[in-house]
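This report introduces a protein chain to a reader who has not met it before. Please look over the sequence and the structure first; the description follows.

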Amino acid sequence: MQLVQISDLHVGAYNAEILLNAIDEINRLEPDVILVTGDLTENGLLVEFKKAKEYISMLKCSNIIVLAGNHDYRHTGYLLFKRMFYDKQLYELDECIIAKLNTARPDRDEGEVGYRQCLWLANSFKRDYRYKIIAMHHHLIAAPDTGSDRIIVLDAGDVLHTALSSNVNLVICGHKHRPWLWNLGSLIIAYAGTVSSIKMRGFFENSYNIIDIDDTIKIDLKIVNGERMPLEKVVRMREYIEE
Ligand SMILES: [Fe+2]
Ligand SMILES: [Fe+2]
């Protein structure tokens, strides 16, 4: 099974040509699932949401999972997001289960999961699945080059504990536009960069992640219009700049 994670489109302050090229590349991959992990828009405005929806509808995939980011919840964008992208929170595909955690809060940059969502997650993941995956916008643990630990959800300890005790295999996040990878024993935590925002951080290319799930979980970073490489290469080469 192949999952593609795109994140942080930031329609409103973005490179349209790059985004169209990324959509074209992703459609050629024919992934089983596409996860859009938040910050679809720059300011949560109606005009931005309409445009973002147009782009997402260009993706050819029968399983498109869309999450909100802190930017989408600005200017009462949370009302628009719910109206335009409302969908279920749990997805069962083959032997995998994918849970979306909503971390965005109205007009706040900080993210939070909350006691009730943690409880729901633990209950939903009680059954045996081959792979258990969480998708969320804000980070579960901090990443380098981000300047602050405020990028993580306020209740990161509770969420991490829930994930580990539920035998979660993979957590994917967006938010800070910093592709990164942490391996915590059997738990992989992977961050996607920004697919089309002009604001990049520590990795100066627009990119998205390709996750191949078979006997193992293999994560590649794909630079839009450029190289595909193992995500761990980004960790090894911390200041990757394509010449
Ligand atoms: Fe963002
Ligand atoms: Fe964000």
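Asn-209 has Leu-221 as its bridge partner in strand 11. This pair belongs to the ladder between strand 10 (residues 207-213) and strand 11 (residues 217-223), where seven bridges join two strands that run antiparallel. The structure is a predicted model.

**The first sheet**

Strands 10 and 11 are part of an open sheet of six strands, whose order is 3-2-1-10-11-12 and whose pairing is mixed. At the edges of this sheet lie strand 3 (64-67) and strand 12 (228-230), each of which pairs on one side only. From one strand to the next, the twist averages 20 degrees.

Leu-221 also leads to another residue, Leu-231. The C-alpha atoms of Leu-231 and Leu-221 are separated by 5.0 Å, although their positions lie 10 residues apart along the chain as a sequence separation. Leu-231 is found in helix 6 (residues 231-236). Not counting residues up to four places away in sequence, Leu-231 touches Pro-179, Leu-181, Ala-190, Asn-209, Ile-219, Asp-220 and Leu-221. Both members of the bridge pair named at the start, Asn-209 and Leu-221, are thus among the contacts of Leu-231. Leu-231 counts as buried because 23 other C-beta atoms lie within 10 Å, the cut-off for a buried residue being 20 or more.

**The second sheet**

Another open sheet of six strands has the order 4-5-6-7-9-8, again with mixed pairing. Its edge strands are strand 4 and strand 8 (180-184), and each pairs on one side only. Neighbouring strands of this sheet are turned by 15 degrees against each other on average, direction ignored.

Strand 4 (residues 90-93) runs antiparallel to strand 5, and four bridges join the two. One of the partners across this ladder is Ile-98 in strand 5, which stands opposite Tyr-91. The two strands form a hairpin with two residues between them, and Asp-94 in the turn has a positive phi of about 50 degrees.

On to the next pairing: six bridges join strand 5 to strand 6 (residues 131-136), and these strands run parallel. To pass from strand 5 to strand 6, the chain goes through helix 4 (residues 115-124), and this β-α-β crossover is right-handed. Cys-96 stands opposite Tyr-131 in strand 6, and Leu-101 has Met-136 as its bridge partner in that strand. Strand 5 (residues 96-101) is mostly covered, with five of its six residues buried.

**The nonpolar core**

Which residues have the most contacts inside the largest nonpolar core? They are Ile-134, Ala-135 and Val-171, in a core of 67 residues. Leaving aside its neighbours within four places in sequence, Ala-135 is in contact with Leu-35, Thr-37, Ile-65, Leu-67, Ile-98, Lys-100 and Ile-172. Ile-98, one of these contacts, is the partner of Tyr-91 in the hairpin ladder described above.

**Two asparagines in loops**

Asn-167 and Asn-225 each have a positive phi without being glycine. The table sets out their places and values.

| Residue | Loop | Phi | C-beta atoms within 10 Å |
|---|---|---|---|
| Asn-167 | between helix 5 (156-165) and strand 7 (170-173) | near 55 degrees | 13 other C-beta atoms |
| Asn-225 | between strand 11 and strand 12 | about 65 degrees | 14 C-beta neighbours |

Is Asn-167 buried or exposed? With 13 other C-beta atoms within 10 Å, Asn-167 is partly exposed. Asn-225 also counts as partly exposed, because there are 14 C-beta neighbours inside 10 Å.

**The chain as a whole**

The chain contains six helices and 12 strands. Along its principal axes, the C-alpha trace spans about 45 × 40 × 35 Å. For 243 residues, a compact globule would have a radius of gyration near 18 Å, and the 16 Å of the chain agrees with this. Of the 243 residues, 44% count as buried. Among contacts between residues at least 6 apart in sequence, 72% join residues at least 24 apart.

Definitions and conventions: Residues numbered from 1 in each chain as written. Chains lettered and ligands numbered in written order. Predicted model: local features only at pLDDT ≥ 70, side-chain atom pairs only at ≥ 80, totals over all residues. Rg over C-alpha atoms; globule rule 2.2 N^0.38 Å. Buried ≥ 20, exposed ≤ 12 C-beta atoms within 10 Å, placed from the backbone. Contact = placed C-beta atoms within 7 Å. Core = buried A, V, L, I, M, F, W, Y, C linked by C-beta atoms within 7 Å. Pairing = 2+ DSSP bridges. Axes fitted to C-alpha atoms, helices over the stretch in contact; angles between N-to-C directions. Right-handed = clockwise from strand over helix to strand, strands pointing away.
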